[in-house]
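Q: I have this one open on the other screen. Let's go through it piece by piece.

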Amino acid sequence: MVSNVTIDRLCAHLTNYRGCFSLDQIFGIKREVYKAPSSFVINTFESKYVNGGHWLLATLWGDHIEIFDSLGRENEIPKKIIEHLSKMGPIRRSRPQLQDFFSSYCGFYVIGRLISIYRGQSLSKFLSNFGKDTSSNDALIKDNVLIFVDTYI
């Protein structure tokens, strides 16, 4: 499991990273304040909860907002997040389920997608690294993020 402190520490040097926001803090995300691409890690729980929730990645692009969710399209994202982000432009969501429903690797996935955006990689290119076996995907993303940490941090 990855915390907001860990995400901040590992991603602070990525020029597209703008911070972690809990569900009750998302109103701090404003298109007029940030230039594209700007990426925000969002927890689906409010800040009063010390543990729990699910990490998502919202990225403001020039013409749309990308929501990357490692649990896939069928995962229910809180309405508050969708309503707030949709005010800034059309939303495009990642579709495939990468993460196993019983794992706690969502933090690794958002870090992995943050790194891929920093490197100029499209969502489709990032997703092409994964298959249908969610357990294998979890091991792959963990290994890739740890290699990045060992190499660059």
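**Charged pairs, rings and cores**

Q: Starting with Arg92, what does it count as by relative accessibility?
A: Arg92 counts as partly exposed, at 49% relative accessibility. The classes are buried under 20% relative accessible area, exposed over 50% and partly exposed in between, with a 1.4 Å probe and protein chains only.

Q: Before going on, what kind of model is it, and how are things counted?
A: It is a predicted model, where local features need pLDDT of at least 70 and side-chain atom pairs count only at pLDDT 80 or more, while totals for chains, interfaces and linings use all residues. Residues are numbered from 1 along each chain as its sequence is written, and side-chain values use heavy atoms, leaving out hydrogens and water.

Q: Back to Arg92. Which side chain does it meet in a salt bridge?
A: That of Asp63, at 3.9 Å from N to O. Arg92 is in strand β5 (residues 91-93) and Asp63 in the loop between β3 (55-60) and β4 (65-68), so by the DSSP runs used here (helices are H or I, at least four residues; strands are E, at least two; numbered from the N terminus) the pair links distant parts of the chain, 29 residues apart. A salt bridge here is a side-chain nitrogen of Lys or Arg within 4 Å of a carboxyl oxygen of Asp or Glu.

Q: How many salt bridges in the structure?
A: 5.

Q: What about Arg93, which partner does its side chain have?
A: Asp69, with the salt bridge at 3.6 Å, N to O. This pair also links distant parts of the chain: Arg93 is in strand β5, Asp69 in the loop between β4 and α2 (79-86), and they are 24 residues apart.

Q: Are Arg93 and Asp69 buried or exposed?
A: Both are buried.

Q: And Glu83, which side chain does it meet?
A: Lys79, at 3.7 Å from N to O. Because the two are 4 residues apart in helix α2, about one helical turn separates them. Glu83 is partly exposed at 40% relative accessible area, and Lys79 is exposed at 61%.

Q: New topic, rings. How many aromatic pairs turn up?
A: 7 in a search of the whole structure. One of them is Tyr34 with Phe40, edge-to-face because the centres are 5.0 Å apart and the planes stand at 75°. Rings of Phe, Tyr and Trp (its six-membered ring) pair if their centres lie within 6.5 Å; planes under 30 degrees apart are stacked, over 60 edge-to-face, the rest tilted.

Q: How accessible is Phe40?
A: Phe40 is buried, at 0% relative accessible area, whereas Tyr34 is partly exposed at 24%.

Q: Which ring is Phe126 paired with?
A: Phe130, edge-to-face as well, 5.3 Å centre to centre with 65° between the planes. Phe126 is buried at 4%, and Phe130 is buried at 12%. Both belong to one aromatic cluster with Phe68 and Tyr109.

Q: On to the interior. How many residues in the largest nonpolar core?
A: 28, and those with the most contacts inside it are Ile7, Cys11, Tyr17, Val41, Phe68 and Ile111. At least two core residues come from each of α1 (4-11), β1 (17-21), β3, α3 (106-118), α4 (123-127) and α5 (134-152). α3 gives the most, with 8 residues. A nonpolar core is a set of buried Ala, Val, Leu, Ile, Met, Phe, Trp, Tyr and Cys residues joined through side-chain atoms within 4.5 Å.

Q: What does Cys11 touch?
A: Tyr17, Ile111 and Leu114, not counting residues up to four places away in sequence; contact means heavy atoms within 4.5 Å. Apart from this core lies another of 15 residues, including Ile29, Phe40, Ile65 and Ile81.

Q: Where is Gly52?
A: In the loop between β2 (38-43) and β3. Beyond neighbours within four places in sequence, Gly52 is in contact with Met1, Asn43 and Phe45.

Q: Last one, the whole fold. How do the elements run?
A: From the N terminus they go α-β-β-β-β-α-β-α-α-α, with 5 helices and 5 strands. Of the 153 residues, 46% count as buried. The C-alpha trace spans about 35 × 30 × 30 Å along its principal axes.
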